[in-house]
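Colleague: Please take a close look at the aromatic rings of this protein and follow them into the parts of the chain that surround them. I should like one connected account that I can read alongside the structure.

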Amino acid sequence: CSLREAINAANAAPGTNTTTITFATNVSGISTAVTGTITLTNGQLMIYKRVAVNGPGVTNLTVSGNSSNRVFYVNLAPLVSISGLTIANGSESGNDGGGIYNYNSPLTIDSCMLTSNRAVYGSAIYNKYGTLTIYNSLVCSNSNINYGALWNDAGTLIAVGSAVVKN
């Protein structure tokens, strides 16, 4: 199934368990890695349940907003983690959070790259009332209409082993 279908199924799942979406990695004789770019053509990916998206690595898989959509919108989710992906080309020219908009959710970004995203505030990530934790990630070459690749609006932002450069 597609990433959108997997996220929609996770959002529709009953209960409070975390749904883990893991992309295949290259294991000789067993599986071939998912590589390339997933280009969004039907709007942003909305997450509002416990979801973990595990990619095969930033050099292997990009989720692109196609320069016309935000990539991820996390809304009142109890717990979300995104790892091993490049999040690129998200665009919200009249709004905030081109790559990711996190609203009042605990969100962990681990081993990701956020690049070439565009928005009014928080071109890479806009965090409103949420707890955003960024580990071992690179936020680079994002552009904004007003201020900031990372914008923290009345939330908590923790960054460990990460870099924010050339934004």
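Modeller: In this predicted model, six aromatic pairs are found when ring centres within 6.5 Å are counted as paired. One of them is formed by Tyr103 and Tyr129, whose ring centres lie 5.8 Å apart with 75° between the planes, an edge-to-face arrangement. The pair brings together distant parts of the chain, for Tyr103 belongs to strand E10 (residues 100-103) while Tyr129 sits in the loop between E14 and strand E15 (131-135), 26 residues apart. With a relative accessibility of 26%, Tyr103 is partly exposed. Tyr129 is likewise partly exposed, at 42%.

A further aromatic pair consists of Tyr121 and Trp151, which is tilted, with 4.7 Å from centre to centre and 50° between the planes. Here too distant parts of the chain are linked: Tyr121 is in strand E13 (residues 118-121) and Trp151 in strand E18, 30 residues apart. The relative accessible area of Tyr121 is 25%, so this residue counts as partly exposed. Trp151, at 29%, is partly exposed as well. Elsewhere, Tyr73, Tyr101 and Tyr126 come together in one aromatic cluster.

Tyr121 also leads into a sheet. Its bridge partner in E17 is Tyr147, and the strands concerned, E13 and E17, pair in the parallel sense over three bridges. They are part of an open sheet of three strands, ordered E9-E13-E17 with parallel pairing. E9 and strand E17 (143-147) form the edges; each has a single partner strand, so one side of each has no neighbour in the sheet.

The edge strand E9 leads on to a charged pair. The whole structure contains two salt bridges. In one of them the side chains of Glu92 and Arg70 meet at 3.8 Å, N to O. This contact also joins distant parts of the chain, since Glu92 lies in strand E9 (residues 91-92) and Arg70 in the loop between strand E5 (61-64) and strand E6 (72-75), 22 residues apart. Glu92 has a relative accessibility of 16% and is therefore buried, because the limit for that class is 20%. Arg70 is buried too, with a relative accessible area of 7%.

The surroundings of Arg70 merit a closer description. Its side chain makes a polar contact of 2.6 Å with that of Gln44. Leaving aside residues up to four places away in sequence, Arg70 touches Leu40, Gln44, Gly90, Ser91, Glu92, Asn95, Asp96, Gly97, Gly98, Gly99, Ile100 and Tyr101. This list returns us to the rings, for Tyr101 is a member of the cluster with Tyr73 and Tyr126.

The other charged pair leads back to E18, the strand that carries Trp151. The side chains of Lys128 and Asp153 form a salt bridge of 3.0 Å, N to O. Lys128 is in strand E14 (residues 125-128) and Asp153 in strand E18 (residues 150-153), so the contact ties together parts that are 25 residues apart in sequence. Asp153 is partly exposed, at 22% relative accessibility.

The loop of Arg70 is flanked by E5 and E6, and these strands also take part in the packing of helix H1. Leu3, Ala6, Ile7, Ala10 and Asn11 are the buried residues of H1 (residues 3-12). Around the helix axis they span an arc of only 135°, which places them on the same side of H1. An α-helix has 3.6 residues a turn, so residues three or four places apart point the same way. The buried residues of H1 pack against strand E1 (19-22), strand E2 (36-39), strand E3 (45-47), E4, E5 and E6.

From E4 the path continues into further parallel pairing. Strand E4 (residues 51-54) runs parallel to strand E7 (residues 80-83), and four bridges join them. Within this pairing Val53 is opposite Ile82 in E7. E7 in turn pairs with strand E11 (residues 106-110), again in the parallel sense and over four bridges. There Ser83 faces Asp110 in E11.

Terms used. Residues are numbered from 1 along each chain as its sequence is written. This is a predicted model: local features need pLDDT of at least 70, side-chain atom pairs count only at pLDDT 80 or more; totals for chains, interfaces and linings use all residues. Side-chain values use heavy atoms; hydrogens and water are left out. Two strands pair if DSSP finds at least two bridges between them. Helices (H or I, at least four residues) and strands (E, at least two) are DSSP runs, numbered from the N terminus. A salt bridge is a side-chain nitrogen of Lys or Arg within 4 Å of a carboxyl oxygen of Asp or Glu. Buried means under 20% relative accessible area, exposed over 50%, partly exposed in between (1.4 Å probe, protein chains only). The arc is that of the directions from the helix axis to the C-beta atoms. Contact means heavy atoms within 4.5 Å. A polar contact is a pair of N or O atoms within 3.5 Å; within protein, one must be able to donate a hydrogen and the other to accept it, and residues adjacent in sequence count only if both atoms are side-chain atoms. Rings of Phe, Tyr and Trp (its six-membered ring) pair if their centres lie within 6.5 Å; planes under 30 degrees apart count as stacked, over 60 as edge-to-face and the rest as tilted.
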